[in-house]
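Please read the points below alongside the coordinates. They are meant as a colleague's note, to be checked residue by residue.

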Amino acid sequence: KEIDVIVQELVESSRKAVDTIQHVNEIIKDQVEAVNNTETKYKEIFEAVEQSVEAIEQLNMSEKDMETKKAEILDTIQGLSAIAEENAASTEEVSASVLQQSSSM
């Protein structure tokens with residue numbers, strides 16, 4: 001009878017061990033899935049950071065282009081301003097000539 005009790009205890013212990021192993025396997029599967037999800041999220045974050053870096057580089061290039069265009073526009077405005085001053089001086093000279101001619105008639 002003692003052998004039956006020992007065998008019964010061994011069977012019960014084996015069943016508990018199998019249950020525990022199955023439970024541990026389920027936990028391991030859940031953990032593997034969580035790790036895979038985390039890996040996916042990190043990859044997505046990495047891709048988003050790469051896209052952000054590209055966008056920043058494009059913004060920097062646009063800023064440089066805008067600075068170049070700004071300098072060109074300022075040069076054009078200065079040139080137009082100089083032409084306007086020359087035209088104003090010429091107009092004053094013509095007006096003075098016209099007045100001088102009018103007064104001599």
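The numbered points go from the overall form to the charges, the surface patches and some distances along the chain.

1. Status of the model. The structure is a predicted model, and every value quoted below should be read with that in mind.

2. Secondary structure and overall form. The protein chain holds one helix and zero strands. Its radius of gyration is 45 Å, whereas the globule rule gives 13 Å for 105 residues, so the chain is more spread out than a compact globule. The box that the C-alpha atoms fill, taken along the principal axes, is roughly 155 × 15 × 10 Å. The helix in question, α1, covers residues 2-104.

3. Burial and surface. How many of the 105 residues count as buried, in per cent? The figure is 0%, where a residue would need to have under 20% relative accessible area to be called buried. The accessible surface of the protein chain is about 9,800 Å², and carbon and sulfur atoms account for 59% of that area.

4. Charge distribution. The protein chain carries 9 positive and 23 negative charges, and the mean positions of these two sets are 16 Å apart. Five salt bridges are found when the whole structure is searched, and three of them are discussed in the next two points.

5. The salt bridges of R15. Which residues does R15 pair with? One partner is E12, with the closest N and O atoms 2.2 Å apart; a reader who intends to use the coordinates may wish to look at this pair directly. R15 and E12 are three residues apart in helix α1, so about one helical turn separates them. The other partner is D19, whose side chain meets that of R15 at 3.3 Å, N to O. D19 and R15 are likewise placed in helix α1, four residues apart, or about one turn of the helix. The participants are partly exposed, with relative accessible areas of 42% for R15, 32% for E12 and 37% for D19.

6. A further pair, and the network. K41 and E44 also form a salt bridge through their side chains, at 3.8 Å from N to O, which lies within the 4 Å cut-off for such a contact. Both residues belong to helix α1 and are three residues apart, about one turn of the helix. E44 counts as partly exposed at 42% relative accessibility. Returning to the earlier group, salt bridges with shared partners join E12, R15 and D19 into one network.

7. Nonpolar surface patch. Y42, I45, V49 and V53 make up a nonpolar patch on the surface, and their accessible area together is about 400 Å². Among them, V49 is located in helix α1 and is partly exposed, its relative accessible area being 47%. That value is over the 30% that a residue must exceed to be admitted to a patch, so V49 satisfies this part of the criterion.

8. Negative surface patch. E47, E50, E54 and E57 form a negative patch on the surface. One of its members, E47, is placed in helix α1 and has a relative accessible area of 46%, so this residue is classed as partly exposed, the class that runs between 20% and 50%.

9. Distances along the chain. Three C-alpha pairs can serve as reference separations when the model is inspected. I28 and S13 are 15 residues apart in sequence and 22 Å apart in space. E33 and I6, with their positions 27 residues apart in sequence, are 40 Å apart, C-alpha to C-alpha. For E39 and L99, which are 60 residues apart along the chain, the C-alpha atoms are separated by 88 Å.

10. Setting of the residues used in those distances. I28 lies in helix α1 and, at 46% relative accessibility, counts as partly exposed. E33 is also found in helix α1, where its relative accessible area of 48% makes it partly exposed. E39 is another residue of helix α1, and with a relative accessible area of 41% E39 is partly exposed.

Terms used. Residues are numbered from 1 along each chain as its sequence is written. This is a predicted model: local features need pLDDT of at least 70, side-chain atom pairs count only at pLDDT 80 or more; totals for chains, interfaces and linings use all residues. Side-chain values use heavy atoms; hydrogens and water are left out. Helices (H or I, at least four residues) and strands (E, at least two) are DSSP runs, numbered from the N terminus. The radius of gyration is taken over C-alpha atoms; the globule rule is 2.2 Å times the number of residues to the power 0.38. Buried means under 20% relative accessible area, exposed over 50%, partly exposed in between (1.4 Å probe, protein chains only). Accessible areas come from the Shrake-Rupley method with a 1.4 Å probe; for residues, only the protein chains shown count as cover. Lys and Arg count as positive and Asp and Glu as negative; His and the chain ends are not counted. The place of a charge is taken as NZ of Lys, CZ of Arg, CG of Asp or CD of Glu. Patches are made of residues with over 30% relative accessible area and no salt bridge: like charges are joined within 9 Å, nonpolar side chains (Val, Leu, Ile, Met, Phe, Trp, Tyr) within 5 Å.
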